[in-house]
Amino acid sequence: MPKQTKESKTAEMANGKEQSPPIFENIEENLNQIQSKLGNSPDLIIRYYESLDHANYAAAVYINGLIDMERVEDYITHALSFDSLQEKAESAATALERFSFAKGKALSIGKEKIVEDQNSLLEGLLSGDTMILFQGLTKAISVSTSGGEGRAVTEATTQVNIRGPKDSFTESLSTNLSLVRKRIKNPNLWIETLTIGAVTKTDVSIVHIHGLANEAMLQEFRKKLSEIHVDSILESGYIEQLIEENKYSPFPTIFNTERPDSVAGNLLEGRIALFVDGTPFVLITPATFFMFFHTVEDYYQRYDVSSLIRLLRFMCLIVSLFGPAIFVAALNFHQEMIPTPLLINLASQREGVPFPVVIEVLLLEVTFEIIREAGIRMPSPIGQTVSIIGGLVLGQAAVQAGIVSPAMVIVVSLTGISSFATPAFNMALSIRLLRFVITFVSAYMGLYGIAIVGLILIAHLCSLRSLGVPYMSPVAPFAAGDQKDIFLRAPLHFMKIRRRLLNPKSSVPGTTTQIRKDNPHEN
Amino acid sequence: MRTKLLGLLALYLGVSVLLTGCWNSRELNDLAIVSGIGMDKLDDEEGYRVTFQIINPSSSAPTTGAASNRPPVMVVTEKDTTVFGALRKASRRTTRQLFFAHTQLLIIGEPLARSGVDHIFDIFERSHELRLNTTVLIAKNSDASSVLKLLTALESLPSTGLVKKTQNTARVWGENRKIGVFEIINGITSEGDFTINGIQIIGNAEEGMKKSSLEQTEPLAGSYMSGLGVFKKGKLISWLNGPESRGTQWLLNKLEETNVNIDASDRKEDISVNIFYSKTAVKVDLREGKPVFHIHIREEGSINEADSFVDFSKEEELGKLKKELAEQTASEVKMALKAAQEKKADIFNFGNELKRTHPELWKTVNKEWDSVFAEGELDLQVDAYIRGTGMRLKPYIPAEKRE
């Protein structure tokens, strides 16, 4: 099985060592070894257990804070209370028998395995396992007791919706996986776990639906992940930046979400998700441009409402990208295309404004960005103050001071609001960045410049690829059958055919046949 | 790959600099927006007196600042042998560069109109700023600059006001239509002659320049649309007024909506019919060297007012009214044609029509079309329909109660 060899290879690579010393027979020696390797850290807890006849003793080792205390206690009372064995086996209890007894008890807790080398021992400890060492044995039981402090599943903060499930991912990988598992109750939901980061040894999970996700794509994705050689992965953003194909493009080619329903939906479209331990943001690839303008709620609302809201979002995209640029171009280059009454109005507003239109735009735009950034970073009580002051600065005061014209306030605030209408924050940021570029060009060359930059942008977007899938698909290359879910959202009963550009594998075993039957691309 | 990309980028930038069509960036507050141009003849020398009506933005639009007491426009006059020369010379009098893309109105003084206007439209076709849909008016009995100096009530910008006045009266009254530079150039270059709307000052023109003129319910001066000026060979030769000018609109198939008062059986001109649809078909033919104008007018109207107590529920009453309406229309059309024939000015495009439909016949008469046109006969057919009588059918005083 290619999958397993891959995994073990990666694990080896992460360890960075070919050979690891075996566990000593002497329990004290082992414990000393562990303590010295962890730098005598006070959070390393060692508890000794001795049988009544003093013949055997064992030790439970774990790191405080990484474990679920209740489970450890529970296990230890069951498995290591040698006294309960007294009646049954007075003297026959050899170390080996004790070992297998304790091992049997471990099953009631959950995952347990036997480790025989020191590196695995340490690794297990650090990932929250409890190690049981026996005097005289060169192996230890590793019981999965990881737990500790964690955040409860709460409502999503970055992708809020009105209708739809309110749960969102947390920092715990297993919780996150279970949230998706709960939604896709199908054996074809395959999860592969590997470790990335030489120092942090962060667990990441590749999740896909076997049979829907394209195998070549998956292979490519695994390859990209295996090529990551960094010390630390503290957030999925690290991986996102490391595996991006187009590193110099302003557009994000990997989608991220903290909503389990969004992940489930994308998995069902044949995409691949990457869960990273320690962050609620799950990466989804391949990502196409239009994904960033769709929300899960589009599918929960009626199609007509969703379609209109989607159109609105694309309109907002245009406004937030070109709004100030078109204003500058019209005012500085193409005064003849403004209706006369409006032109007179604008001219009267600009009477007394000392700056050129571009400077005016920049003043307000930069102010807006400052307020936005400050508002995010400030603690929320102060954040409100920031927004009030910002409102004053951006609003009437700047106009009355004669620094900017009232129309400019409208243009900039409309642009600002429009940029918030993009559901994906990273895409909104890219657009905001490009807006400045386009404004500059339009101040230099007018509408002509806007057209040039627009064309370059379109060409660039069409040249992008995300994991081999054209970024603008299915608009460019055009696939007529896939237009039902791009600018508009067709009623659900029209959307039975899977998107072809993601190349879902044609045959799928088992339970997903219900959807498959309607797919004409099958045959 | 990288070098190729850089090369492409350099190409884009190079091309973009070379191809810039409208490259010059001009700030809005460096422009003097010209809303109207007036042209007058100089009495003693060659050339024109050109008047520019410039919008004063700070007092013509609602601003958050203090309201200005200055008038909404300023007027600058300059003399030169060419219009462009005059507008460049005007820079000596204005603080900002004149900007013409929003010029909506061209007024020609009557003396200049009488001496010929053929050549003054060149700058409108040549300049990229001036627009060909600029409305043209002839200042009847006065010079153009006095008209441009008049302030208007309701509309803050006099030029816009005059354009709106033209459009408004054309739409509901029908004696005038909006005549633009493009249409006039067409008229000059094709066979036949053309007409231009007249605008006449009423009241005291001197007082009308002051803002105080507007500070009363009835301004001390104003202007009104007054008939159509008939141009022959580019020169104003006469004026068509009232029914004559409406007849002209009818013949040109330009009538949108109008009101015709027709006679009822007992009283004269006391039933008002609102014509809301009118279509004129024209065919021109030569019969023994004389042109025959086959005109077919189909008009539809509704009765909006009836001072006589006519019972519209009776079919024969309506029939009488239809006949009356057709006759009324026919008489106006005949008046228009007669007036034009007297001046030998084919303002109805009949010459073009003949040239288009019978090119070989046209060749025989094109030399002396003016006099041939004057002898043309009219074959007029008017189909009038009354489509509605308003919300009431019978008069509110029944016949038996009247004396």
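How many salt bridges does the count come to over all chains? Taking a salt bridge as a side-chain nitrogen of Lys or Arg within 4 Å of a carboxyl oxygen of Asp or Glu, the count comes to 38 over all chains. This is a predicted model, in which local features need pLDDT of at least 70 and side-chain atom pairs count only at pLDDT 80 or more, while totals for chains, interfaces and linings use all residues. Residues are numbered from 1 along each chain as its sequence is written, chains are lettered from A in the order in which they are written, and side-chain values use heavy atoms, with hydrogens and water left out.

**Chain A**
- A:Glu369 pairs with A:Arg432 in a salt bridge whose closest N and O atoms are 3.3 Å apart.
- This pair links distant parts of the chain, with A:Glu369 in helix α13 (residues 357-377) and A:Arg432 in helix α16 (residues 425-463), 63 residues apart; helices here are DSSP runs of H or I of at least four residues, and strands are runs of E of at least two, numbered from the N terminus.
- Both A:Glu369 and A:Arg432 are buried, where buried means under 20% relative accessible area, exposed over 50% and partly exposed in between, with a 1.4 Å probe and protein chains only.
- A network of salt bridges links A:Glu365, A:Glu369, A:Arg372, A:Glu373, A:Arg377, A:Arg432 and A:Arg435.

**Chain B**
- B:Glu129 and B:Arg26 form a salt bridge at 3.0 Å, N to O, and both residues are buried.
- B:Arg177 and B:Glu183 also meet in a salt bridge (3.0 Å, N to O); B:Arg177 is buried, at 9% relative accessible area, whereas B:Glu183 is partly exposed, at 28%.
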